[in-house]
Amino acid sequence: MNAPRESSRRFQCFGANAEVIVGGRSPAGTAAELAVLLAQGRLRSFHGRLTRFDPHSELSLLNDDPQLEVYASRLLRTLAQAVVDAGERSGGLVDATLLDDLERAGYRSTRAGIAGLAMTDVAAAGHAPRPARPRPDGAWRRIVVNERSRTITRPPGLRIDSGGLGKGMAADLVANTLSAHPVYAVDCGGDVRVGGSAGVARPVLVDDPFGGAPLHELRIVDGAVATSGISRRSWRDASGAVAHHLLDPSTGRPAWTGVVQATALAPTALEAEVLAKTALLSGPERGRELLRHGGVLVLADGAVEVVEAARGADVALA
């Protein structure tokens, strides 16, 4: 089947490049051009409500609220539940309650528009590789979302970082509004959701973090892909040491696991985001096992490993 004519928009959102592509009309008659504009507006709204860099955002107000139980919007409740689910699915490695540690590492303000260090500099930082480990008392375990009362309960002072979970969640929420169109793709800074009623395959390239040509091409009919890496948000701290935003929960410091980039396929962008981060934080051996829907690992020495999907994977590939 031939792909319908597409409309697209690229824009800045979630501190990165975002893109929405829609092809064809929905059964309700919504044109692709209008669907793209509406999707762009939704993503920008999600960003404004979930950013930690605006003291007046919904997320910042939750983080600063001194009450144990806080009334919260559906969007904020969805994020809080995603934090709990990510902690459970990753065995505590994907911990979105490490905001205090992240700020101590040097990530206090937005890095939108600020280039990270070259991957060659990051990879040469000289840290011995070690798989990250969870905190036995991970604070994400103390978050409770109550849909009946529309509240979030957590110890006052516990703060959530939306980060990659927010991007994956936003891509899924917007994709759900586009599912009736023949084709669509939603890219939130590398968290990509693809689908549509026409069943058309879309190529998604896996970039080389060392700056070379794309490493691999994925052709997705219905599913999602996310990439997590340590170079894009990297910097030198006050001592001149290399730091980045993916923390080892057990130390609260940047993780050095031998994997510098992980790309994961999954049915949803949120699940792909969690799998990619878990694979990177787990190190090469465990990382390969975790990419059950398929993916790509890039190691600190530049080696590239393409992981094939296990039998029964739930992502439709061409």
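**Group meeting: one cavity, two cysteines, one histidine**

I'll start with two strands, β6 (183–188) and β7 (191–195), because each of them supplies at least two residues of the lining of the largest cavity. Bear in mind throughout that this is a predicted model.

So, the cavity. A search of the whole structure turns up 1 cavity of 30 Å³ or more. Its volume is about 30 Å³. The residues around it are Val183, Tyr184, Val194, Gly195, Val200, Ala201 and Arg202. Sorted by class, that lining comes to 5 nonpolar, 1 polar and 1 charged residues.

Next, the cysteines. How many disulfides does a search of the whole structure find? The count is 0. Take Cys13: this residue is in no disulfide, and the nearest cysteine sulfur, that of Cys188, lies 6.4 Å away. Why is there no bond from the side of Cys188? Its closest cysteine sulfur is the one in Cys13, and 6.4 Å is too far for a bond. The cut-off applied here is 2.5 Å between the sulfur atoms. As for their surroundings, Cys13 has 3% relative accessibility and therefore counts as buried. Cys188 is at 0%, so it counts as buried as well.

Now the chain as a whole. It contains 8 helices and 17 strands. The radius of gyration is 19 Å, and the globule rule gives 20 Å for 318 residues; the two values are close, so the chain is as compact as a globular protein of that length. Along the principal axes, the C-alpha trace spans about 55 × 50 × 35 Å. Of the 318 residues, 51% are buried. On contacts, consider those between residues at least 6 apart in sequence: 65% of them join residues at least 24 apart.

Last, one histidine. Where is His293 found? It sits in the loop between α8 (284–290) and β15 (295–299). Is His293 buried or exposed? With a relative accessible area of 6%, His293 is buried. For placing it in the fold, take Thr120 as a reference: the two residues are 173 apart along the chain, and their C-alpha atoms are separated by 29 Å.

To recap: the search gives 1 cavity of 30 Å³ or more, and 0 disulfides. Cys13 and Cys188 have their sulfurs 6.4 Å apart. His293, in its loop, is buried.

Terms used: Residues are numbered from 1 along each chain as its sequence is written. This is a predicted model: local features need pLDDT of at least 70, side-chain atom pairs count only at pLDDT 80 or more; totals for chains, interfaces and linings use all residues. Side-chain values use heavy atoms; hydrogens and water are left out. On a 1 Å grid over the protein atoms alone, a cavity is a set of points where a 1.4 Å probe fits but cannot get out, and a pocket is an open set with protein on both sides within 12 Å along at least five of seven lines; lining residues have an atom within 4 Å of a point. Grid points are joined across faces, edges and corners, and a volume is the space filled by probe spheres set on the points. Helices (H or I, at least four residues) and strands (E, at least two) are DSSP runs, numbered from the N terminus. Ala, Val, Leu, Ile, Met, Phe, Trp, Tyr, Cys and Pro count as nonpolar, Asp, Glu, Lys and Arg as charged, and the others, Gly among them, as polar. Buried means under 20% relative accessible area, exposed over 50%, partly exposed in between (1.4 Å probe, protein chains only). The radius of gyration is taken over C-alpha atoms; the globule rule is 2.2 Å times the number of residues to the power 0.38. Contact means heavy atoms within 4.5 Å.
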